[in-house]
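Please open the model in your viewer, with the sequence panel beside it, and follow the selections below in order.

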Amino acid sequence: MSVKKKPAQKPAEAESPPLGEYHRKRDFSKTAEPEGAKAPSSRRTLAFVIQKHAASQLHFDLRLELDGVMKSWAVPKGPSVDPSVKRLAMQVEDHPVEYNTFEGIIPEGEYGGGTVMLWDRGAYTYWEKDPDPVERLREGYAKGDFKFELKGKRLRGTWVLVRLRRGDPEKPQWLLIKHRDEYAKPGFDIVAEENTSVATGRTMEEIAMDKSRR
Ligand code: MN
């Protein structure tokens, strides 16, 4: 069966060089964020990270490795471990895999200026046993029905990102939803309960004050 391609639904970055938008938006002589490059696509263990980012609007950046870059979403309210809660996730430009260790301060006036905390990190994979989990992830992402399992310090178990058919197709909006499994916690507000860096144990205020440490 041949499937007709719908160009409007293809991710914008498919036609442009990897990380082009990421590099265009940043002045690496001013920000401590990594310049980074596309990583090998053949890694078997894929990384995920969530960064809490106090920019002009506080949000959480969810990043999932796929084909050598971190697919990225800004989640204004952060993830919820309650399966009845759907969280808006606005897709943003791909980030380099090197970004996964970034915690610190983006200077005021620069793109995304503000404090960044490593809020969670770990590995992720397809949400079911499969001989080719990476291909299943790729298909799910392309379809806009992106199912995965997180193996982080704070977030575990199965999740889905569902792409919405609204807004700018170049900047798709998705919903992030926890699947019902043994890691689901109805009624639990994990972003209110977990306020420190998984990397350094620091609060946002401590990261913001420590200007020398990037
Ligand atoms: Mn951000």
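**First selection: Pro79 and its surroundings**

Select Pro79 and display what surrounds it: leaving out residues up to four places away in sequence, Pro79 touches Ile50, Phe60, Arg87, Trp119, Leu155, Trp159, Leu176, Ile190 and Val191. Because the relative accessible area of Pro79 is 3%, this residue counts as buried, and its place is in the loop between β3 and β4. If you draw a C-alpha to C-alpha distance from Pro79 to Ile50, the value is 9.2 Å, for two residues that stand 29 apart in sequence.

**A word on confidence**

Before going further, colour the chain by pLDDT, since this is a predicted model. The mean pLDDT of the protein chain is 90, and 90% of its residues reach 70 or more. Residues 4–10 are a stretch to treat with care, as the pLDDT there is below 50, and beyond near neighbours in sequence this stretch has five contacts in the model. Where pLDDT is low, the predicted coordinates should not be read in detail.

**The manganese ion**

Now select the manganese ion and show its protein donors, which are His53 through ND1, His59 through NE2 and Asp61 through OD, lying 2.1 to 2.3 Å from the ion. Read along the sequence, these donor residues follow the spacing H-x5-H-x1-D. Are His59 and Asp61 buried or exposed? Both His59 and Asp61 are buried.

Keep these two residues on display and add Ala74, which lies in strand β3. Apart from residues up to four places away in sequence, Ala74 touches His59, Phe60, Asp61, Leu88, Ala89, Met90 and Val92, so this selection brings two of the manganese donors, His59 and Asp61, back into view. With a relative accessible area of 11%, Ala74 is buried. From Ala74 to Leu176 the C-alpha to C-alpha distance is 11 Å, while the two residues are 102 apart in sequence.

**The nonpolar cores**

The next selection is the largest nonpolar core, which has 31 residues; those that touch the most other members are Leu62, Leu64, Trp73, Tyr124, Phe146, Phe148 and Leu161. Strand β2, residues 58–66, gives the most to this core, with four residues. In soluble globular proteins, nonpolar side chains tend to be buried together.

Centre the view on Trp73 and, setting aside neighbours within four places in sequence, list its contacts: Phe60, Asp61, Leu62, Leu64, Ala89, Met90, Gln91, Val92, Tyr141, Phe146, Leu161 and Trp174. A second, separate core of seven residues can be shown in another colour, and its members include Leu19, Tyr99, Ile106 and Val116.

**Gln91 and Gln173**

Among the contacts of Trp73 is Gln91, whose place is in strand β4, residues 86–95. Gln91 is buried, with a relative accessible area of 6%. Which side chains make polar contacts with the side chain of Gln91? One is that of Tyr141, joined to the side chain of Gln91 by a polar contact of 2.8 Å, and another is that of Trp174, with a polar contact of 3.0 Å.

Then move to Gln173, which lies in strand β9, residues 173–178. The side chains of Gln173 and Arg166 are joined by a polar contact of 3.0 Å, and beyond residues up to four places away in sequence Gln173 touches Leu88, Ala89, Met90, Val162, Arg163, Leu164 and Arg166.

**Helix α2**

Select helix α2, residues 133–143, and highlight its buried residues, Val134, Leu137, Gly140 and Tyr141. These residues lie on the same side of α2, because they cover an arc of only 125° around the axis. Just beyond, α2 is followed by Gly144, which has a positive phi, near 80°.

**Positive phi away from glycine**

Finish with two residues that are not glycines and yet have a positive phi: Leu19, at about 65°, and Asp67, at about 50°. Leu19 is found in the segment before α1, whereas Asp67 lies in the loop between β2 and β3. Their accessibility can be set side by side, since Leu19, at 4% relative accessibility, counts as buried, and Asp67, at 28%, counts as partly exposed.

Terms used:
Residues are numbered from 1 along each chain as its sequence is written. Side-chain values use heavy atoms; hydrogens and water are left out. Donors are N, O and S atoms within 2.8 Å of the metal (3.2 Å for Na, K and Ca); water is not among the atoms, so sites may look incomplete. Buried means under 20% relative accessible area, exposed over 50%, partly exposed in between (1.4 Å probe, protein chains only). A nonpolar core is a set of buried Ala, Val, Leu, Ile, Met, Phe, Trp, Tyr and Cys residues joined through side-chain atoms within 4.5 Å. Contact means heavy atoms within 4.5 Å. The arc is that of the directions from the helix axis to the C-beta atoms. A polar contact is a pair of N or O atoms within 3.5 Å; within protein, one must be able to donate a hydrogen and the other to accept it, and residues adjacent in sequence count only if both atoms are side-chain atoms. pLDDT is the predictor's confidence in each residue, from 0 to 100.
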